[in-house]
Amino acid sequence: MAVGRSLLMLLGLLGVAQGLPNGYVWGCYNISKSFPFCDSSLDVEHRLDDLLNRMTIDEMIGLMSPWVASGVGICNFMDAGVPRLGIPPYMHLVEFNTGVASACYGEDKCATNFPGPTGLGASYNRTLWNMKGAVMSDEMRAFNNLNWHRGTPDAPLSLIALTGYGPNININRDPRWGRNSEVPSEDPFLAGTYAENYVRGGQVGSDPRYTKVAMGLKHFAVYSMETNRQAFIPNVSMHDLWETFLPGYRLGFSPEHGNASLTMCSYAGINGVPSCANGYLLSLIRKTFNNPDVVVGSDCGAFYNMLNSTWYGNHYAKDIVDMSNLTLSAGADQELGDSLWGNNETGGNDGLSQLVSIDPSAPGKIRASVRRSLKLRFKTGMFDPVEGQPYTQIGAEAINATLHQQINLEAAQQSFVLLKNTNNVLPIGTSKKLAIVGPHIVSQRDLMSDYASDNVCLDTTYSCIPTIGGVFAQRYPQGNLLSAQGCDLNSTNASAIPDAVNAAKAADVTIMFLGLGHDQEHEGEDRMEVTLPGQQLELFSQVLAVGKPLVVVLINGGQLSIGSVKDQATAIVEAFYPSTRGPDALFNVLIEGVNNFGKMPYTVMPAEDVYALDLANFNMSKPPGRTYKYYQNTPEWEFGYGLSYTNFSISCSLTAAPTSPTISIQNVGPVDGSEVIMVFHRVSDQIRASAPHPVPKKELIDFQRVAVGKSATETVTFNIPQSAFAVVDQNGNQQVYKGTHYLDFTNGVFTCTGTYNI
């Protein structure tokens with residue numbers, strides 16, 4: 001308690017109590033006002049030089065590792081600041097993947113929580129992703145300006161600053177990975193385009209002088225397994241590295257695309273070398289991806305995992321000094337979740353100080369790291385007067401604003417995928433007798449992806465989230481709705497199934513909400529089963545036997561193999577984790593006919609093919625193959641597949657040169673809708689047979705989403721560069737092979753193909 005009070009006092013002295021937003025440099029108002037680093041008329045590099053020249057090496061180290069005595073959890077990483085120069089302590093980790101990780105500021109002032117990223121990936125909508133970034137950066141700025149805090153146990157000490165760790169763009173490599181709900185796709189181009197637009201929306205605002213918030217990509221780079229994650233380092237070929245695991249990050253980091261400011265080096269690595277000590281991987285960001293200012297922070301505890309003294313880690317380093325040398329030399333800048341780098345005075349283990357005493361090059365590396373970290377704070381305006389900065393004026397009115405909730409609702413509606421709709425049973429309308437059944441009709445927490453905000457509701461529970469059952473009871477005509485849960489998500493108890501059966505018998509049509517929840521898929525544990533858990537299949541079978549139309553809605557993150565349900569259900573909708581606006585979005589879509597469906601962002605394989613794959617094998621092409629690029633058998637649902645309540649026809653205007661193909665989309669059905677057109681590149685059998693490396697069956701190279709009114713026709717034009725015809729060779733290089741190439745233009749149902757000889 002004394003530690004906490006001392007920190008609050010220190011933060012107050014350093015500006016918070018003076019009305020400055022958290023993290024802003026109070027010294028530029030008084031004790032350091034005359035120093036060049038506080039002169040906003042000078043360029044940032046000049047100001048950084050001046051500031052670093054005034055700092056001791058110990059003060060620099062104090063900005064690189066957690067100040068343990070602060071009382072803030074070391075994963076959240078509160079640094080020690082530089083009090084004598086008026087630089088306050090700064091908390092570096094705020095999760096930013098689905099909602100701003102925060103406590104609620106008041107009634108109806110909890111952070112907006114978007115649908116899970118897998119659902120957002122299914123929207124194939126660049127504009128929506130950009131809007132998500134704008135919404136979340138508005139709210140992060142509001143929390144920062146209000147000197148508000150996270151909802152973690154270290155609150156109220158954990159004051160929110162302006163560095164947000166998100167998005168997570170690891171890929172859906174294996175359906176069993178516990179964190180599939182956190183990422184947008186199995187496809188690196190789709191995931192990278194999501195990152196590019198989300199980051200642009202969050203970092204770039206109305207004032208070009210400042211970065212609105214600094215966003216970080218997780219988890220760089222080859223990470224998609226929870227089992228033994230502290231120690232496991234996969235073997236990855238250069239072909240797989242550059243075809244599958246890096247392209248999304250290139251789009252996220254490259255200045256001409258996402259220009260992300262931060263990254264988190266992961267627990268994993270490649271070929272025996274952990275990410276946080278992997279100079280090859282980290283140099284790619286700053287050199288190959290041309291973003292030299294990216295700040296690299298460790299995943300929580302990743303440094304400690306390297307120590308030879310741990311019983312569970314990868315034992316890559318001999319001791320603390322060796323670990324400090326390996327990580328600093330590789331290009332890591334910040335230590336989250338450990339205090340091994342830090343000075344003894346701030347509660348650390350003196351790793352960097354000991355390194356400085358024996359390695360003359362260490363001070364220069366430390367200075368370079370701290371320069372990158374401080375540059376972010378200059379870019380966000382923290383060394384400049386708050387007057388005249390528009391982002392410092394954003395207040396509580398932005399948190400959970402009406403516009404934000406409207407965007408969130410639209411995001412949910414565009415995240416759903418219509419997989420089957422026999423006899424156009426959907427939308428149902430309001431005239432029929434309807435039964436809603438299944439475990440998810442009562443879900444609240446289990447409508448959310450991992451890494452939602454710290455507090456979703458003011459009372460710190462999930463009680464404020466409307467349930468599907470509650471929304472349908474409120475909005476469906478009274479007397480025409482029956483409901484019965486039937487079973488839990490994962491239980492052996494089948495005693496309530498007869499209630500669901502009776503409801504279905506009394507109804508004209510039944511909607512059954514099935515799927516997974518947080519207990520089945522989450523960080524820290526992979527799931528070994530990819531089928532519906534508990535009594536859900538039994539519930540489906542007994543309600544199916546009633547013999548009336550049965551609509552299945554799946555709520556989940558990672559892929560679900562549903563087997564015979566695919567053939568037996570009347571209609572199927574994949575809803576992923578739709579979040580707080582999900583119940584209303586589901587009513588709008590299933591009942592009222594809102595028609596803005598997405599497409600599948602991953603391949604759903606039959607369960608037996610998933611189990612044939614070794615979870616720890618990262619070879620993407622090993623039979624039966626991973627993702628749509630290499631999977632050899634018949635999937636339950638293909639990547640990019642998805643239907644609509646209306647019917648579209650597509651026609652292609654293709655020329656001999658593929659540079660600017662034009663696609664016409666005609667709505668020949670009964671209602672307005674929106675459609676996604678995807679472009680895939682594939683090569684001829686002759687090229688495939690002669691290539692000395694795996695070649696994907698096809699590869700997504702572009703997409704556009706377009707709204708098309710009833711009876712209307714819209715056109716989209718794609719710009720196809722020569723590089724789009726390249727494939728990745730065995731050395732990780734892009735190669736355009738001579739021969740026949742194809743471009744498939746498709747909405748996931750109908751395809752037209754252009755043939756090109758190169």
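Trainee: How much space lies in the largest pocket?

Mentor: Good place to begin. A pocket is an open set of points with protein on both sides. This is a predicted model, and in it the largest pocket holds about 830 Å³ of space.

Trainee: Which residues are closest to the centre of that pocket?

Mentor: The pocket is lined by 30 residues, and F189, P247, L251, S723 and Q734 are the closest to its centre. You can also look at the lining by element: α6, α7 (238-245), α8 (247-253), β17 (699-708) and β19 (727-728) each give two or more residues to it.

Trainee: How buried is α7, one of those elements?

Mentor: A residue is called buried when its relative accessible area is under 20%. In α7, 7 of the 8 residues are buried, so this helix is largely enclosed by the rest of the structure. The buried ones are H239, D240, L241, W242, E243, T244 and F245.

Trainee: And what is a cavity, and how many of 30 Å³ or more are there?

Mentor: In a cavity a probe fits but cannot get out. Searching the whole structure gives 6 cavities of 30 Å³ or more. The largest cavity has about 50 Å³ of space, and its lining consists of N172, R173, P175, E186, Q559, T603, M605, R626, T627 and Y631.

Trainee: Let's move to sheets. In what order do the strands of the open sheet stand?

Mentor: Read a sheet from one side to the other, strand by strand. Here 5 strands form an open sheet with the order β1-β2-β3-β4-β7, and their pairing is parallel. At the edges stand β1 (94-95) and β7 (295-298); each has a single partner strand, so one side of each is left without a neighbour in the sheet.

Trainee: How does β7 pair with β4?

Mentor: Strand β4 (residues 262-265) pairs with β7 in the parallel sense, over 4 bridges. To see the pairing residue by residue, find L262, which stands opposite V295 in β7, and then M264, whose bridge partner in β7 is G297.

Trainee: Are the faces of β7 covered or uncovered?

Mentor: Check the residues on each side of the strand. In β7, V295 and G297 are on one side and V296 and S298 on the other, and all of them are buried, so both faces are covered. Now look for helix α12 (residues 362-379): this helix lies across β2 (163-168), β3 (214-220), β4 and β7, and runs at about 110° to β7.

Trainee: Which strands are joined to β13 by bridges, and in what sense do they run?

Mentor: Strand β8 (residues 417-421) is joined to β13 by 4 bridges and runs antiparallel to it. Strand β12 (residues 550-555) also has 4 bridges to β13, but this pair is parallel. For landmarks, V417 stands opposite E574, while V553 stands opposite V573. Both faces of β13 (residues 571-574) are covered too, with A571 and V573 buried on one side and I572 and E574 buried on the other.

Trainee: How should I read a single residue? Is T112 buried or exposed?

Mentor: Start with where the residue sits, then its accessible area, then its contacts. T112 is in the loop between β1 and α4 (117-123). Its relative accessible area is 1%, so T112 is buried. Setting aside neighbours within four places in sequence, T112 is in contact with T98, G99, V135, E139, N400, H404, Q405 and N408. With Q405, the side chain of T112 makes a polar contact of 3.4 Å.

Trainee: Could we do the same for R200? What are its location and its relative accessible area?

Mentor: R200 lies in helix α6 (residues 188-203). With a relative accessible area of 27%, R200 is partly exposed. Not counting residues up to four places away in sequence, R200 touches N130, P255, E256, H257, G258 and N259. R200 and G258 are 58 residues apart along the chain, yet their C-alpha atoms are separated by 5.7 Å.

Trainee: One last helix: what is found at the start of α9, and what follows α9?

Mentor: At the start of α9, a side-chain oxygen of N278 comes to within 3.2 Å of the backbone nitrogen of Y280. After α9 comes N290, with a positive phi near 60°. Within α9 (residues 279-288) itself, the residues L281, L282, L284, I285 and R286 are buried.

Key:
Residues are numbered from 1 along each chain as its sequence is written. This is a predicted model: local features need pLDDT of at least 70, side-chain atom pairs count only at pLDDT 80 or more; totals for chains, interfaces and linings use all residues. Side-chain values use heavy atoms; hydrogens and water are left out. Two strands pair if DSSP finds at least two bridges between them. Contact means heavy atoms within 4.5 Å. Axes are lines fitted to C-alpha atoms, for helices over the stretch in contact, and angles run from 0 to 180 degrees between N-to-C directions. Buried means under 20% relative accessible area, exposed over 50%, partly exposed in between (1.4 Å probe, protein chains only). A polar contact is a pair of N or O atoms within 3.5 Å; within protein, one must be able to donate a hydrogen and the other to accept it, and residues adjacent in sequence count only if both atoms are side-chain atoms. On a 1 Å grid over the protein atoms alone, a cavity is a set of points where a 1.4 Å probe fits but cannot get out, and a pocket is an open set with protein on both sides within 12 Å along at least five of seven lines; lining residues have an atom within 4 Å of a point. Grid points are joined across faces, edges and corners, and a volume is the space filled by probe spheres set on the points.
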